[in-house]
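Colleague: Could you take me through one part of this model closely, and then show me how the rest is arranged around it? I'd like the cut-offs along the way.

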Amino acid sequence: MLRGKKVLIGVTGSIAAYKVATLIRFLVRKKAFVKVIMTEDAKEFITPLTLATLSKNPVHYLFTDDKESGEWNNHIDLGLWADVFIIAPATANTLFKIANGHCDNLLMATYLSAKCPVYIAPAMDLDMYKHSSTKENIDKIVEFGNRLINPEHGELASGLVGEGRMAEPEQIVEVLETHFESNVPLKGKKILISAGPTHEAIDPVRFIGNHSSGKMGFAIAEEAAVLGAEVELICGPTSITLDIAGVTVVNVTSAQEMYDACVKRYATADVAIMAAAVADYRPKNVADKKIKKENQTNELVIELEKTPDILKSLGEQKHHQLLVGFALETDNEEANAKLKMEKKNLDFIILNSLRDKGAGFSTDTNRITILDKHNNILNFELKSKQKVALDILHKVIEELNA
Ligand code: C5P
């Protein structure tokens, strides 16, 4: 559940700050990305170096680490980066600041600008925790929409016994896992995705291929897994790798191999998204030895034959599956894409135009239009392929729930 999730931890000045080291270890072990910000007082309890080493990211506590250079630690970026922000431990002082919007440090500025869900794990001595002003602040904090991770009853640093111990790291991890579990709309769904180019052999050392990088298909696979899907990614020759729970990568080379791999898995899939740039033609006869130029005249003619159209075959075999294809067009884009959607029996088609700057092969961005079988046309802005993947998957979720 936590793999690939971005967790921002805000540490304030309480002895319970030592527990944050363990919390970070657990999160990193579960493959979450962790960033830490601290208050000045928190540094008295645990060093930024410790937390930076464990989180594998620099730890910030000031708006600027180097006044001379004018570079600053952008609290807005940090807030936007995070999928979840957890303030742990949260002292009585920080609870007051949160309740009153008292913005006097990097942590508070980040809190006020964060758009993600915020969890707060208070830690203090029992009488501080029981105090009416603390209770009032907590009520206000929860009213604002923040989520409280209640402190536990037990031995406190003062030697007293009572309520106020910060929740243990294991419990905080559980809270975060439950948080992300409730946000997995593709849980239980099997998604088949094709990606990358295919290589069609001419002889043992040469092939016909194309410039597809596979980035779009890989981004869809990754985001689908994060949304809870079980993904089988059938991918042609590409330099990209993906090691993420929920994605099984099947490497293939030719259109025929991709066809076989897709057809084999299609019957049990709930959704198939064909993002591969499959070669349309392949050499009819593959030479079993390297073709020597000495044996040729000035011209070498290679006879080509059609490869199987994987997407069309899946359209013909379709019963319960949601089937999605891509169309890369250079002219008459929408009409061509619509035709393709109908011919291949798709539920929707994602149109890329090579006329759009930043869209298409090898770029990190894409600009798509989605045309669906209900005659809807959805236009999207130019975005990162990761965000485009999310737009596509939101459309998948909408269609599955329709
Ligand atoms: O017909 P065209 O090749 O333009 O269609 C593109 C769509 O069809 C893409 O989704 C691509 O992955 C899929 N396709 C396929 N098998 C082929 C050719 C294209 O699955 N042989």
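**A close look at strand β17**

Modeller: Happy to! All 6 of the 6 residues of β17 are buried, so this strand is largely enclosed by the rest of the structure. Buried here means under 20% relative accessible area, exposed means over 50%, and partly exposed lies in between (1.4 Å probe, protein chains only). Strands (E, at least two residues) and helices (H or I, at least four) are DSSP runs, numbered from the N terminus. The model is predicted, so local features need pLDDT of at least 70 and side-chain atom pairs count only at pLDDT 80 or more, while totals for chains, interfaces and linings use all residues. Residues are numbered from 1 along each chain as its sequence is written, and side-chain values use heavy atoms, with hydrogens and water left out.

In a regular strand the side chains alternate between the two faces of the sheet. In β17, F348, I350 and N352 point one way, I349, L351 and S353 point the other way, and all of them are buried. The strand is paired with β16 in the parallel sense, over 6 bridges; two strands pair if DSSP finds at least two bridges between them. One such bridge joins V324 to F348 of β17.

Now step back along the chain. K344 sits in the loop between α12 and β17. With a relative accessible area of 14%, K344 is buried. Leaving out residues up to four places away in sequence, K344 touches D309, L311, K312, G315 and L323, where contact means heavy atoms within 4.5 Å. N345, just after α12, takes a positive phi of about 60°.

Helix α12 (residues 333–343) has E333, A337 and M341 buried. These three cover an arc of only 65° around the axis, which puts them on the same side of α12; the arc is that of the directions from the helix axis to the C-beta atoms. On the face turned away from that buried side, α12 carries the exposed residues L339 and K343. What do the buried residues of α12 pack against? They pack against β16, β17 and β19, so β17 meets this helix as well as its strand partner β16.

The strand also has a part in the largest nonpolar core, which has 36 residues; L186, I220, L233, I273 and I392 have the most contacts inside it. Such a core is a set of buried Ala, Val, Leu, Ile, Met, Phe, Trp, Tyr and Cys residues joined through side-chain atoms within 4.5 Å. At least two residues of this core come from each of β8 (190–195), α9 (215–226), β11 (230–235), β13 (271–274), β16 (322–329), β17 (348–353), β19 (368–372) and α13 (385–401). Helix α9 gives the largest share, 7 residues. To see how one of the best-connected residues is set, take L233: beyond its neighbours within four places in sequence, L233 contacts I193, A195, G217, F218, A221, L242, V247, T248, V249 and V250. Another core, of 35 residues, lies apart from this one and includes L2, A17, I24 and A52.

As for the overall layout, the protein is divided into domain 1 (6–181) and domain 2 (190–290 + 301–401), with bounds from an automatic or database domain assignment. The centres of the two domains, taken over C-alpha atoms, are 42 Å apart.

Elsewhere, an open sheet of 5 strands runs in the order β2-β1-β3-β4-β5, with parallel pairing. Its edge strands, β2 (33–38) and β5, each pair on one side only. Between β1 and β2 there are 6 bridges, in the parallel sense, and L8 has K35 of β2 as its bridge partner. K35 also lies 6.3 Å from S55, C-alpha to C-alpha, although they are 20 residues apart in sequence. S55 belongs to helix α2 (residues 48–55) and, at 4% relative accessibility, counts as buried. Neighbours up to four places away aside, S55 touches I24, V28, V34 and V36.

Helix α8 (residues 169–181) has P169, I172, V173, L176, H179 and F180 buried. They span an arc of only 115° around the axis, which puts them on the same side of α8. Their cover includes β1 (6–11), α1 (18–29), β3 (84–90), β4 (118–122) and β5 (147–148).

Terms used: The expected span of a helix is 1.5 Å times one less than its number of residues.
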